[in-house]
Amino acid sequence: MPQLFYQIQLSFVILILFAILPSFAQQHNTIQFGEAITLTNNQDLIELENEKQQRTIIKPLIDPKTYKYIELENKLKVLLIHDPNSEIASAALDVQVGSWNEPSEYPGLAHFCEHMLFVGSVKYPRPDYFDELLAKGSGSSNAYTDATNTNYYFEITSQYLDKALDTFAHFFIDPLFNEDLVEREKNAVNSEYEIDVSSEDWKIQNLFTLFADPKHPASRFSLGNNEVFEKQGIENELKSFFEQYYSSNIMSLVIQSRISLQEMEQLIKPFSRIKNKNLQSPQFPSLPYQFGILCKYKTEKEQLTLNWQLKGREKFIHQKPIEFLDYIIQNGNLIDYMKEQNLIISLSSQVFMEESSFTNYMMEIVLTEKSQENEEAVAEITKIIFNYIQKLEVWLSDDDYINQLFKEQSKISKLNFNYLTQQLDTSTIAKILNRQKPKEVLSSEFIIDTLDKELILNYIGQLKNTQNLIILIGNHQYSYTDEKADAIKSNKEFLQDKLLHEKNNLYRLVYSKQKFDEHFINFISKQDEKLQDIFEKPQQNEFIPDNVELISLCESSESKLPKIVHSDKLKTLDQQSKLNLFLMAGQDLHQYSDEQCSLEEHKYQKQNHYPILLNKEQQEWWKSQTSYKLPFIFGALQMKYQKTLSLRQFTSLRLYNFMANEILSKELKLPLSSGYSYELDMNKKTQIKVYGFSEHVRNLFKKLCSCLNPFRDKSKSFLELNESKRFEIAKQSLLLSIKNMYQDNLFEQAMQIYLPQILQKDSHNPTKVIDQINLITQQEMLQDVKDIMNNVKYSSLLIGNIDQSDASKISDEIQSCSTNKETSSAQDNLQEKVAIINLKGKHIIDSRFIQSGNDDDINGVTLNYYQIGQRKQMNQAFMKLLEPILNQQAYNYLRTDLQLGYVVAVEFKTTACVDGALILVQGSTEIPMKVNQIINDFLDQFSVYLEQMNNRGFQHLKHGVITELKENPQSLSEEGDRLWKYISAGTIEFEDRQVAIEEIRKISKQELIEFYKNSFINSKSKLSLQLYGQGMVTQMMNLETQSEFNEFISNTKPKDAELFDPLQASYYQCEFEATQI
């Protein structure tokens, strides 16, 4: 699929200079050479040493992986990565050819070629062979096509890597462009086109295409659709495109696996057969877009966007000028000032759609209602931003300040890079390897070790140039007219006009554009000294850690070493017995000598998988975890309400969540730019997560505490509860977030909005929440939140570089800061049960006409939910076995063979205490009622597939799933999230993976078949949720009204089905919320 856009987070990560650590570089980063090299003189020796230095991979300080860079005979660049800690292998190949290379007569050909390489080669002609192989190895694959590169990637358990790599290599050695497969696959590309042009997220990218120089390839339609692919000769054009542009010398391959580098080197031999055509990457004109314009466009996601087209930054990987400037923009008071003036709700920035010759720096701004109603707000906001940019130039002209700022960012960057706060996947590494020096393939995304003042000032100059800027105003109130626009209208009049005069049917866009006039340019760029005097530089960052040492339990005066608990013991215990087992389960370290204590602690770090319980009543959990070599802590707190929330209470919490996040985003700007993160979610329960350097996590929690329950001690809170302006902004933010949910793709709406409302009785309808927002007062919200917070059940977890004493102190502080003195003893209260629908063997249909106002949306969604029954751990074992092959077979049959839609997926779903499974299809070929029946046919065919599976294939399946389940967490945050899932659910099922592994080992093929038939065919406990896009109803079905649609559904539903009626539904009463693997 094509990549939507580059969303490169503007973070500041740097590599610690290897001049400081020469021995580390030599020990860990030396590339192995497999070929014998004869040295003839000293010059050869120098050249070889230089070559070795260029191939020495710069890597983070704590990175346990080893690397080997190789260039094959055909000039294909290869990076092999040995990861000793992962059961899952991955591989990616990037080729420097994309949509800009395709002939103008066949737009979308590069994207179509990407699709075709997956569906067969001369050596492996079966179109579903690769997918079947991935299913056996619990793997997955994908690809994307960009302007100047195409990227293919997959992951699979290491056992199957050999065969998968050979199959993958033949994508690029001898692909089949079979006429039947071409005919079939073009429907998949067209389905992808229909989804994308119906999506709000694609509109800005498509507008950029329209504003590109017509002579530049950026102006071409790059996705492809049936209209293009119906042209004669498409099959030959695909072959010709591949033969002309796919060359090994512009390819890069990255493989990551636990197998040795030597073994991997043997596995890449097939890639040497890819043809080397000695191509040079084509050069394109540098700046493709014609900016200096205002653009209005119709959209349901209302926002103001400022985008600057700047010179490419690929040559400046060590300077990172855009990131340097963005740090000041995000951490100064520009955003705070515009919020205080009630102009904006939020401002985010990112790099957007960049290539080597140019970069787009984009600001996405959500406007307040006041700004939406004021046509002059766009100019006012732009003026403020331009004045801030002018002030940046003054500040950064000061050598002392720019050096101080560089040192601060550099220190943050070194810490973040060396401690793996962000990790690159193989797909990204492959793309970088095709553009940067091999030694900098890991560091080039993050490194900032060179200060270039003139370069930074040059980029400020580019930002000040109004001809580099486009301003896009998206609004749902705009309407199209075919009347000719007034050519002499001023920018001010243009912004006031709600009519749009241009339409593009290909992209389904309605818009108007106008060049900046002299008055507008003068207004936004004129220096305002009074305004600039208000601006402030970022404060000194006190959250940059100085102490990154790892703690030792042996050196702690109060720590016990937790006992190693095995899953065999856990699986026989009930919840209370588990809690008692984990309660202070440890042994006094002082009974050991120093040497013996170190050995015991090392053994604990390597073998222990579970935390211990410090406080049973308050559910305080702790685990010392330093095996990742990270001086970090993952912390989480949950406040679970003891009563089901009313609609108003739920709305109050969501409003309060927005108020709290608003003030936290201001108070925590600096820690959030220094490697720390937090998440506050006040929904059906309140959860807060924190992750960051252990030295300052305690201070971060203290700042967060005041927002958890400010009613307890207002003197310690920086949240002004009675500030009406903030309350009104929170209402606007919540309304906007709900409205945006209804602009997501239909399959996302099905999963996130409609299905939860059916499955769980107390799931609140977002449209009813909107009604409450308009009714609720600030005092009612505050009273609701206070009442809710006074009756909660706590649980918390601290894991990482922290000992027992500090964990107890922080846990107590967190809970005490969030507990009101008037709080009742909720720990002893009985929690209300969760009501989950009980289908009782019925086939239920819920069909919905999604009246979005978009008659071009011809998509439909079929989301079938199969209810297995009340939760059993055995169900998970069966579903983990079924999921990969069921998903693969569904994809091949429903998507590849029948071309029902681009989106096809199967997922095991546990809701509270009820197990189930989902089959999802989105497309425009058939209406959902028909797709529902086709899914039934597929499930019958899958029974035959299971029965015909031989024992060898069944054992391979079991092995692949077990290998995946054995995969240990790859980071502290991943381990923290995994443990927190069980603690927050209250089930304490830490052992569920091991139990699933043991059960899978015992499952016979016949038992799996019986489970499948009972769950999907015989029981008939099924809900078919069907969403019909407006264009599907009005164009494909020729219906106009809701009543006509209802009558159609009633007349066409299967005889054994009944329409969903919530008043007739019955429910399971769940006492717990189970987790799923």
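In this predicted model, residues 77–194 are 38% helix and 24% strand, and the C-alpha atoms at the two ends of the span are 36 Å apart. UniProt, in an unreviewed entry, assigns the feature "domain: Peptidase M16 N-terminal" to this stretch, residues 77–194. A second annotation from an unreviewed UniProt entry, "domain: Peptidase M16 C-terminal", covers residues 236–392. That span is 36% helix and 28% strand, with its end C-alpha atoms 55 Å apart.

The next topic is the packing of helices. Two packed helices are described by the angle between their axes and the distance between the axes. Helix α14, residues 377–396, packs with helix α11, residues 321–331, at an angle of about 115°, and their axes lie 11 Å apart. Angles of 65 to 115 degrees count as roughly perpendicular, and α11 and α14 are therefore described as roughly perpendicular to each other. Their crossing is right-handed. Which residues of α11 and α14 meet? From α11 come Phe 324, Leu 325, Ile 328 and Ile 329, and from α14 come Tyr 388, Leu 392, Trp 395 and Leu 396. By class, the residues of this contact comprise 8 nonpolar, no polar and no charged.

Helix α14 also packs with helix α17, residues 453–464; here the axes come within 10 Å and cross at roughly 160°. Angles over 145 degrees count as roughly antiparallel, and α14 and α17 are therefore roughly antiparallel to each other. The crossing of α14 with α17 is left-handed. On the α14 side, the contact is formed by Phe 386, Ile 389, Gln 390, Leu 392, Glu 393 and Leu 396. On the α17 side, Lys 453, Ile 456, Leu 457, Ile 460, Leu 463 and Lys 464 take part. This contact of α14 with α17 has 8 nonpolar, 1 polar and 3 charged residues. Leu 392 and Leu 396 of α14 thus appear both in the contact with α11 and in the contact with α17.

The strands may now be considered. One open sheet has 7 strands in the order β9-β10-β8-β11-β7-β15-β14, and its pairing is mixed. At its edges stand β9 (344–355) and β14 (502–504); each has a single partner strand, so one side of each is left without a neighbour in the sheet. From one strand to the next, the twist averages 25°. At one of these edges, β14 pairs with strand β15, residues 509–515, in the antiparallel sense over 3 bridges. Within this pair, Asn 504 stands opposite Leu 509 in β15.

Another open sheet has 6 strands in the order β27-β28-β26-β29-β25-β30, again with mixed pairing. Its edge strands are β27 (903–911) and β30 (1057–1059), each of which pairs on one side only. The twist in this sheet averages 20° from one strand to the next.

How are β27 and β28 joined? They run antiparallel and are linked by 9 bridges, with Thr 910 opposite Asp 915 in β28. The two strands form a hairpin with 2 residues between them, and Ala 912 in the turn has a positive phi of about 55°. Strand β28, residues 914–923, is also joined to strand β26, residues 860–870, by 10 bridges, and these two strands run antiparallel. One of the bridge partners is Val 921 in β28, which pairs with Thr 862.

Notes
Residues numbered from 1 in each chain as written. Predicted model: local features only at pLDDT ≥ 70, side-chain atom pairs only at ≥ 80, totals over all residues. Heavy atoms only, no water. UniProt positions renumbered as here; feature names shortened; annotations may be inferred. Helix = DSSP H or I, 4+ residues; strand = E, 2+ residues; numbered from the N terminus. Axes fitted to C-alpha atoms, helices over the stretch in contact; angles between N-to-C directions. Parallel < 35°, antiparallel > 145°, perpendicular 65-115°, else oblique. Left-handed = near helix turned anticlockwise from the far one by under 90°. Contact = heavy atoms within 4.5 Å. Nonpolar A, V, L, I, M, F, W, Y, C, P; charged D, E, K, R; others polar. Pairing = 2+ DSSP bridges.
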